[in-house]
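Dear colleague,

I am handing over the structure we spoke about, and below it I have set out what was found in it. Please read the notes with the structure open beside you.

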Amino acid sequence: MKRSFRAPLALALVSSMACYHAVINTGRAESSTVVEKEWASSFVYGLVPPDPLDVSKTCASGVAKVETQHSFLNLLVQWLTIGIYTPMDIKVTCAGAGMAPKTSMITPSDNTPAAQREAMAQAAGRAEHTGEGVFVRF
């Protein structure tokens, strides 16, 4: 009898340690201003999302990064309510005022296919070298 409970108990223990975390980067430079909302209320396993977080006044220069996370305590409450109440933590990092995005721009010298290919090759090389996004304007 004891042996039959080991596998489900082990599975429950391992799954209870998982915390869901998503990060959205906009490519803009981050400032030190951070807006956090802990225990944002969503329902039915997240199918009914939390209310929108308005950071337009706090982040006048825009948003650099958004993070959502289900911590261990959030998941415990979700489990105890059988998924009816699904809280999450939201963290928004504002973009720096007057700071340019972490991207660069390449414009072809003219509108010929050869110049466009050269601009794309330059952009790919720069992106690979810097690890940052590069825009090509045609």
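A disulfide is taken here to be a pair of cysteine sulfur atoms within 2.5 Å. Please keep in mind throughout that this is a predicted model.

By that definition, a search of the whole structure turns up one disulfide, and it is formed by C59 and C94, whose sulfur atoms are 1.8 Å apart. The bond joins distant parts of the chain, since C59 sits in the loop between β2 (30–40) and β3 (63–70) while C94 belongs to strand β4 (residues 88–95), the two cysteines being 35 residues apart. The torsion about the S-S bond of C59 and C94 is about -55°, and the disulfide is therefore left-handed. Both C59 and C94 are buried.

A second point concerns N74, which is found in helix α2 (residues 72–80). With a relative accessible area of 0%, N74 falls under the 20% limit and so counts as buried. A polar atom of the N74 side chain lies 3.0 Å from the backbone nitrogen of S71. If neighbours within four places in sequence are left aside, the residues in contact with N74 are W39, Q69, P87, M88 and D89.

One of those contacts of N74, W39, deserves a separate remark, for W39 has a positive phi of about 60° although it is not a glycine. W39 lies in strand β2, and its relative accessibility of 35% is between the limits of 20% and 50%, so that W39 counts as partly exposed.

V44 is likewise a residue other than glycine with a positive phi, in this case near 50°. V44 is placed in the loop between β2 and β3, and at 40% relative accessibility V44 counts as partly exposed.

V44 also brings us to the surface, where it contributes to a nonpolar patch of about 750 Å² that is made by F43, V44, Y45, L47, V48, I82 and I84. Within this patch, I82 comes from the loop between α2 and β4, and because its relative accessibility of 65% is over 50%, I82 counts as exposed.

When you go through the model, which residues would you look at around N74, once its neighbours within four places in sequence are left aside? I would begin with W39, Q69, P87, M88 and D89, and then turn to C59 and C94, the pair that forms the disulfide.

With best regards

Key:
Residues are numbered from 1 along each chain as its sequence is written. This is a predicted model: local features need pLDDT of at least 70, side-chain atom pairs count only at pLDDT 80 or more; totals for chains, interfaces and linings use all residues. Side-chain values use heavy atoms; hydrogens and water are left out. Helices (H or I, at least four residues) and strands (E, at least two) are DSSP runs, numbered from the N terminus. Buried means under 20% relative accessible area, exposed over 50%, partly exposed in between (1.4 Å probe, protein chains only). A polar contact is a pair of N or O atoms within 3.5 Å; within protein, one must be able to donate a hydrogen and the other to accept it, and residues adjacent in sequence count only if both atoms are side-chain atoms. Contact means heavy atoms within 4.5 Å. Patches are made of residues with over 30% relative accessible area and no salt bridge: like charges are joined within 9 Å, nonpolar side chains (Val, Leu, Ile, Met, Phe, Trp, Tyr) within 5 Å. Accessible areas come from the Shrake-Rupley method with a 1.4 Å probe; for residues, only the protein chains shown count as cover. A salt bridge is a side-chain nitrogen of Lys or Arg within 4 Å of a carboxyl oxygen of Asp or Glu.
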